[in-house]
Amino acid sequence: SLLRFLRHPPFASTFACCIVFVYRMNMANMLALLALCGLWVVCSATTVFVSQSGVDSASCGNQSAPCGTLYQASVLINALNSSLVQVAVLNVVDGQNETEITRRLTAQDTDGFDPCLPVPFTVEIAIEINFDASSITSMSDWYSLSVCPATNTLYANEYLFEGGQTLSLTNLRVDDYSITDDSRYPLIRGAWEYYNAAVTCTDCVFRNIASSVTNADNVLIYARVSLLLYNT
């Protein structure tokens, strides 16, 4: 049996060593250690948390030590080994840490991307983004119009959310939001280069959105294959 195999030396000591350290690690480091220990596993999903109380670091993202920005969470997700992780879940608990966003704006340490937003997600992993319904009731709960840059010409982002093998969002709120050619961003775009990049929105709210974008390619929501809206 598997249990008898795990108890067999020398695998038993290696396995025990791995588990003790893995328990205290974030998912990215956990997978790296498991590979180092010779345990080749495929995880159905890994979860990264973002919160107002979170602080960005290379090891943030678990529930007890969430990241402070969507930017950092997306960087960590894109660094995951897609041969080990098939789905990445990004849970926004109660918004982003505006202090962390301001720090990144000052430091300009986001490789040309907007620190308020996730970078485009890798097409190698399916992406699920969940906004906590009890805490996120409007766009201002997760995206501060007073802190986040108004201009979109300074950054490489083209949409609020973009990429992923598939891109699924739950309880996304976008309201009282205006888009022009040089300010703010259209909403969602599936990975344009991936043939099966479907976009799904569940329990999302889009309200009082004004767009005067002249570029016909910059539609509010773009899905190459399918756009599924549930209770939205």
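**Cysteines in this model**

At 3% relative accessibility, Cys204 counts as buried. Keep that residue in mind; we will return to Cys204 and its partner question shortly. One caution before we go on: this is a predicted model.

Let's start with the bonded cysteines. How many disulfides does the count come to? Two.

Take Cys60 and Cys67. A disulfide joins them, with an S to S distance of 2.0 Å. The link is right-handed, with 85 degrees about the S-S bond. Where do these residues sit, buried or exposed? Cys60 and Cys67 are both buried.

Now Cys116 and Cys148. Their sulfur atoms are 2.1 Å apart, and they form a disulfide. This link is left-handed, at -105 degrees about the S-S bond. The pair ties together distant parts of the chain, 32 residues apart. Find Cys116 in the loop between helix H5 (98-107) and strand S3 (126-131). Cys148 is in the loop between S3 and strand S4 (161-162). Cys116 is buried, and Cys148 is buried too.

Back to Cys204, and to Cys201. Why is there no bond from the sulfur of Cys201 to the closest cysteine sulfur? That closest sulfur belongs to Cys204, and it lies 3.3 Å away, which is too far for a bond. A disulfide needs the two sulfur atoms within 2.5 Å. Turn it around: for Cys204, the nearest cysteine sulfur is that of Cys201, and Cys204 is in no disulfide.

What about burial? Cys201 has a relative accessible area of 0%, so Cys201 is buried. Cys204, as I said at the start, counts as buried at 3%.

Note on methods. Residues are numbered from 1 along each chain as its sequence is written. This is a predicted model: local features need pLDDT of at least 70, side-chain atom pairs count only at pLDDT 80 or more; totals for chains, interfaces and linings use all residues. Side-chain values use heavy atoms; hydrogens and water are left out. Buried means under 20% relative accessible area, exposed over 50%, partly exposed in between (1.4 Å probe, protein chains only). Helices (H or I, at least four residues) and strands (E, at least two) are DSSP runs, numbered from the N terminus.
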